[in-house]
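Student: I am new to this structure and should like a close look at a single part of it. Please take the open sheet and the salt bridges around it.

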Amino acid sequence: MKKVGRTVPAVKIGCQAGNSQPSSVSRKPSNSAFKQQRLPAWQPILTAGTVLPTFFIIGVAFIPIGIGLLHFSNNVKEFVYDYTDCISQENTNQTCAKSLELDITKNCSCILPVNLTETYDGDVYIYYGLSNFYQNHRRYVKSRDDHQLLGALGPVSNECDPFARYPDPNNPSITKQVVPCGAIANSIFNDTLKLHREDGQLVPVLNTGIAWPSDKQMKFRNPPNSNTNLSEVYKDYIKPQNWRKNIWELDPSNPENNGLQNEDLIVWMRTAALPTFRKLYRRLNRTAEGYNSGLKAGNYVLTVEYNYPVKSFAGSKRIIISTTSLLGGKNPFLGIGYIVVGCIVLLLGIVFLIIHIKCGKSTSEMTSVTPRSPYQ
């Protein structure tokens, strides 16, 4: 008996009735090597013959590099003095830190002995260091007005609040804009550090050339009409609350280093990434007589005008006298890290080599394995 079936009409996908043109473009990828994933590829076969030499090469290379880095770091001479709790010269019964806690506006000074046991040859730099000071806090980093720092004394940015406006001390009914505004400028380090020889002669230092040239040239400028008198330019503005000097008094003897272009201000405004940091304060003037070759060994006296409080945030401050090397300041961590990594990699290479000699198989044996090869 013959079975009769029904004929189902074919449906043409992508076409509409009465229209022979497709309604949409096909989503099928083009027949190319890239889209069809037929590009040539190289898959390394990790064998003892390729891995072990890599371990030994890295170990042999890293150890000498680490020794070289450690050698450069050890050649840097550095003197560090923590003067957080120095005794006040005005009141020998208390520290300057305690004096500032009682009255933040009070003047306090310390005289500290400095003994350099060896000569600091070449360029000598003086740094100040702070600890437990988080300049990397998000709100702190944003608390500045870059347009104002470029000399545009217009409306102050809201990022500076609450350090943007203060009442005029001479007329509290008038509120004036702060220049420079923000938390960064308000908290600038304002201790004065002076180094004297035993005979009282002041060690000559320079307060210029301590900031990045790009910062001074591109990010900080005084207003265009500031060539005459900075005090007149900034008379309608007020200094930050924690400052003891007006902005035109930062360096009156050098117009190129005064106002918003003062390098102490520029150095401070470049925020540190870690809570313990140091910033360049002064550099030795090697053109002065007796200091052409550097800073000689001997006894010195450090005079500190103690203005910067650190006890409120459980911090500390210190002075660092240092030389530099081809790789910068003293930092043994990088050299030690290279040596440790090189030793570990070299040790692992030796261990893997011993395991390979005792238990390993040759490359030909590994490549000739088939599904029927006996398990060993």
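Tutor: The following account begins with the sheet and then turns to its salt bridges. This is a predicted model, in which local features need pLDDT of at least 70, side-chain atom pairs count only at pLDDT 80 or more, and totals for chains, interfaces and linings use all residues. Residues are numbered from 1 along each chain as its sequence is written, and side-chain values use heavy atoms, with hydrogens and water left out.

The open sheet consists of five strands in the order S1-S12-S4-S9-S8, with antiparallel pairing. Strands S1 (78–82) and S8 (205–206) stand at the edges with a single partner strand each, so one side of each has no neighbour in the sheet. Strands (E, at least two residues) and helices (H or I, at least four) are DSSP runs, numbered from the N terminus; two strands pair if DSSP finds at least two bridges between them. S8 is joined to S9 (residues 277–284) by two bridges, and Leu206 has Arg283 as its bridge partner in S9.

S9 also contributes to a salt bridge (a side-chain nitrogen of Lys or Arg within 4 Å of a carboxyl oxygen of Asp or Glu): Arg282 pairs with Asp264, the closest N and O atoms being 3.0 Å apart. Because Asp264 lies in helix H8 (residues 263–269) and Arg282 in S9, the pair ties together parts 18 residues apart in sequence. Arg282 is buried, at 13% relative accessible area, whereas Asp264 is partly exposed at 22%; buried means under 20%, exposed over 50% and partly exposed in between (1.4 Å probe, protein chains only).
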